[in-house]
Each structure stands twice: as structure tokens, then as C-alpha cells.
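Here is an informal walk through a protein model for someone meeting it for the first time. Have a look at the picture, then read on.

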Amino acid sequence: MYTEKVMDHFTNPRNVGEMKNPDGVGEVGNAKCGDIMRIYLDIEGDIIKDVKFKTFGCGAAVATSSMVTEMVKGKTIDEAMVISNAAVAEALGGLPETKMHCSNLAADALHKAIGDYRDKQQKKE
Amino acid sequence: MRRVYLDHSATTPVDPEVAAIMMTYYTEKYGNPSSVHGFGRETKQALEQARNQVAELIGAASREITFTSGGTEADNLAILGTAEALRKKGKHIITSCIEHHAVLETCEYLEKNGFDLTVIPVDEEGIISVDEVRKAIRPDTILITVMHANNEVGSIQPIAEIGKLAKEHGIVFHVDAVQSLGKIPINVEEMNVDLLTVSGHKIYGPKGVGALYVRKGVRIVPLIHGGGQERKRRSGTENMPGIIGFGKACELAGQRMADDAEKQIKLRDKLMNGIVEGIEYVKVNGPVGEKRLPNNVNVSIRYVEGESLLLSLDMLGIAASSGSACTSGSLDPSHVLLGMGLIHEIAHGSLRFSLGRQNTEEEIDYVLEQLPKIVERLRMMSPLYDQVIHSKQA
């Protein structure tokens, strides 16, 4: 039911972990619905230098989290803001229909982390 | 790659002895049992023998057995057929919150069409309280439908007590025994059951065949009309290879039940205890001991999600199942686990292993060796597990 690429990201997820002093953190989902994704960002200037994630959820939830971290590394935050959940799914060669809504939230987590970073920047100013 | 099948409650392999006998009914003994000629008489006789084999396993008379296309059809026939037959007598039906979808959805369909439905809760072990059933009975109750053993957590229900209650009140009593058939003894007389659902493919028989036991004198209205086969209860030319296979599987199940149970209880307890001892933050779902099916293990592994566990096990060739939302096809995890009072996040991390005849102790060792590693890997990825790590470090 999953593509090879999804299984690859599920088996060997990229950028798993936490960050000690992240510039931005975003979390979506809840344990009740069975998916939680948390993304940490290390941002220098406008560039995403490093990104880590932790995810509780099904194969699709883990794979989309891993994929999005790979997609944004080295990108500017403006470039990262336009990455959609659909684009993440597409980069994985597609997801089963039933997974498109409940487990495809990694871009939302990313955008939330960027929002968190921007809030912190504003407070500094 | 090594393959370990631990999903026998989903389906079983067909016993080679069963498959062999079925084959002759495809290629050699292919007559229609309704035909007058020798080809037909030959299969008619075999049909009645198979009916007898099924009847014997549940303590029924063979004329009380109606063959169907499987457990789901038998459940539908029992519930819809009784509702239709008794709709002038009353409109109230009692069931439980842990029934199989074939029962629950059928009852809910009737509810949408003018019947009243009471859904009895279960305790934390997944067992129905006889008192709750007693309290739910009304003067217009026409049917009580309760499963013998639960497919997810293996909890065995107090069927004989509920049967006694139903009999006292003159209420038709239907039991879905798909999961218990061939695993624990069934006797429709001792249990006061009026209608009983059984299925072939859970007992090393073929898929696509099941049966409904209908006690003599109990009236049900058929769902399928036509040529009047199966004493007019289920029209359509009989699925002879399937029926023959199901009959043979019942015969074998009767012979092997005690040995199978003894062996599987040992493996079950080894697996369950091994998981509890080898992995932290694990909860056993369902009862322990005699109230549990011999072949069922169900645990919730905290801080990880069920489908991730299944995928990881599958990559090592181990087949299991889960009650997580991702595997139930809806946004909610298993209605059985929620009915037992589990919170969503613990239900999402549930894992069911169901043992079968061919499983070995060595296979259980393999699972016990691999599972902790899988859990460790997924927990290191899980944001829910962070708090546990941090509190350990503190």
C-alpha cells in the first residue's frame, strides 16, 4: 500500500531527533487522533541550516516528516513556506487515499515552526 | 526471508487434508445436489455429511444447520431474519459494544429503520455483564445478539448465563461464534443458544463459506430468495467444495481442539509474559487465564503507534494486527478497546498476535527478540516518549 520511497523514509528516517536551542519549533496533531509531529529549526539569516523531527504516528506520518526535513534543508524560510502537504506526498511518490488527510501534516508542522521563529524574531525587535 | 504468521484470527491457511478433499468436488464430483441423477445424488449425500460434521462440533442436529457464504452473511441472516420474523411482536434488540462489525452495523441498520437498539457496555477486560443484559430487557425485546469470544482481545463471554436469561424471557438469542469455533467447546443446548454463526476460514477451512445454526422451531425470514435450497432459508446452488471443506475442517477441529488449545496456551503465555517482561510501559488488553481464547495475545505498547509497529514487524516477516485508527480504516481506533475504557493514545498502540496450529516456540522466541528493538527504535522517534526519557535523566 505504500510506495518504496515511503518505506525507505519510514525505515531510514532522515533528521530524527531533538534540538537543544532551536530557533523555531512547530507541533501538529494530537495523541487522540494518533499522529503527532514536532519539527525543530536552526535558522541563520533566512536560511534553514538544520532541521530535526520527532513523530508519533503511522508509516505515512513518519515518512512525510522525514521527507519534509529533507526538502527544506538549505532553503530560505520563504521557500519553505510554500511547500505544501500535497507537495510532500508527491515527493514520496504518493500516499494511499486514506492517509492524505490524517497523516499528511508535516508541512503544517514546518510552517508552524517557521511561525514560531518569526514570532520570536518580532519579540526581539 | 523468514515468515512468521501470527494473524490467525484474521484468517487461517487451509489444512492440506481439507484442500485435498475440496479438490475432488471441483473436478470430479461436480453435480448439483438438487439434481435427480447420480451426479447430483453423490453431492447431495456429501452435503448432508458436511452438515452433520458442522452440527456435531456445536452439539446441534444437522437439520438445524444452514450453509451461507460466510460469517457476515450468517450474522445478517440471524439478525435481519429475526427482526423481520418478529417485527409485529416487538422492536427492541440488545447487543454489546464489542461485537464484530457484521453484527453492529446490521443492528444499526435496523435502528435506522425503526427498531430500538440497546448496546451493552463491557468491563475493562472486555467482558459483558449479565446484569446489564438483564436490566436492558424490555417487554418488546425480540433479540439478544452477543459474541462468544471477542476477535480482538479474546475475551470469552458468559453465553450460558445470557442464554438462560433469554430463555426465561422468551427472547431469541443469537451468538456470533466465529472466533471461538474449534478453539473452545460450544454446545448450543447447554448454552441455550437459538442462532449461532460460524465460519470456515478461521478454522483451517476455506473462505467464502459459513453457517447459521437455527434452533428447531425458531423462525427466521430468508435474505436470499430463489430456488429454495437450505430448507428455503438460503437459496442458491450450494458452494459444494467450500461446504465439503468446511465440514472436514469442523471434523478436524473437533479432534484437535484439546491438543491445539494446550499447545497454544503455552505459546500465548510465553509471548504475553515475554513482551511484558521485555518491554517497558506495556499494558495487556483483555482478560488473563481461562476467560481468554487460547490463541490471543493483545497488548498496548505506549508511546508508539500500531501501524508503525505492524510495518516494522512485517519487514522482519512477522504478521500481526493492530487496533490503531490507521488499520481500522477510520479516524478512531478499535471500538473494542475504546469500549473497554482505553484512552485513544493507548488504543492506537495496540498489537494483536493470534496463534495457530503451526506456530512454534522458536517463532515466539524470534518475535520476543525482534519486538523490543522495534519498539526502541520507534520510541526514539516519538515526541511522546521525550517526557519519559527526560524524567529518567532527571
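Let's begin in a covered spot: B:Tyr204 is buried, because 28 other C-beta atoms lie within 10 Å, and 20 or more are enough to count as buried. One thing to keep in mind from here on is that this is a predicted model. B:Tyr204 sits in the loop between strand S7 (195-199) and strand S8 (210-214) of chain B. Its phi is near 70°, a positive value in a residue other than glycine. That is worth a second look, since most residues other than glycine have a negative phi.

B:Glu230 also has a positive phi, near 55°. You'll find B:Glu230 in the loop between S8 and H7 of chain B. Is B:Glu230 buried or exposed? B:Glu230 is buried, with 21 other C-beta atoms within 10 Å. Here are the two residues next to each other:

| Residue | Phi | Other C-beta atoms within 10 Å |
|---|---|---|
| B:Tyr204 | near 70° | 28 |
| B:Glu230 | near 55° | 21 |

How far can you trust the picture? The mean pLDDT of chain B is 96, and 99% of its residues reach 70 or more. For the model, ipTM comes out at 0.94 and pTM at 0.95.

Now for the layout of chain B. The domain assignment splits it into domain 1 (4-10 + 257-393) and domain 2 (16-253). Taken over C-alpha atoms, the centres of these two domains of chain B are 30 Å apart. Where they touch, domain 1 of chain B puts in 23 residues and domain 2 of chain B puts in 23 residues. On the domain 1 side of that contact, helix H7 (240-278), strand S10 (296-301) and helix H10 (335-339) of chain B each supply at least two residues. H10(B) gives the most to that side, with four residues. By class, the domain 1 side has eight nonpolar, 11 polar and four charged residues.

What about the inside? The largest nonpolar core has 80 residues, and those with the most contacts inside it are B:Val54, B:Ile58, B:Ile144, B:Leu196 and B:Tyr213. H7(B) provides the largest share of this core, eight residues. The core lies between domain 1 (4-10 + 257-393) and domain 2 (16-253) of chain B, because both of them give residues to it. To see some of the packing, try B:Ile58: leaving aside its neighbours within four places in sequence, B:Ile58 is in contact with B:Ile186, B:Asn187, B:Val188, B:Leu196, B:Val198 and B:Tyr213. Apart from the largest core lies another one, of 66 residues, and among them are A:Met37, A:Leu41, B:Leu311 and B:Ala325.

Chain B also meets chain A, with 20 residues of chain B in contact with 19 residues of chain A. Helix H8 (306-315), helix H9 (325-328), helix H11 (344-347) and helix H13 (383-393) of chain B each give two or more residues to the chain B side. Which helix gives the largest share of the side of chain B that touches chain A? H8(B) does, with four residues. The chain B side divides into 10 nonpolar, six polar and four charged residues.

One last stop is helix H3 (residues 71-86) of chain B. At 1.5 Å a residue, its 16 residues should span 22 Å, and the end C-alpha atoms are 22 Å apart, so the two values agree. H3(B) is mostly covered, with 13 of its 16 residues buried.

Technical notes: Residues numbered from 1 in each chain as written. Chains lettered and ligands numbered in written order. Predicted model: local features only at pLDDT ≥ 70, side-chain atom pairs only at ≥ 80, totals over all residues. Domains from an automatic or database assignment. Contact = placed C-beta atoms within 7 Å. Nonpolar A, V, L, I, M, F, W, Y, C, P; charged D, E, K, R; others polar. pLDDT = per-residue confidence, 0-100. Expected span 1.5 Å × (residues − 1). Buried ≥ 20, exposed ≤ 12 C-beta atoms within 10 Å, placed from the backbone. Core = buried A, V, L, I, M, F, W, Y, C linked by C-beta atoms within 7 Å.
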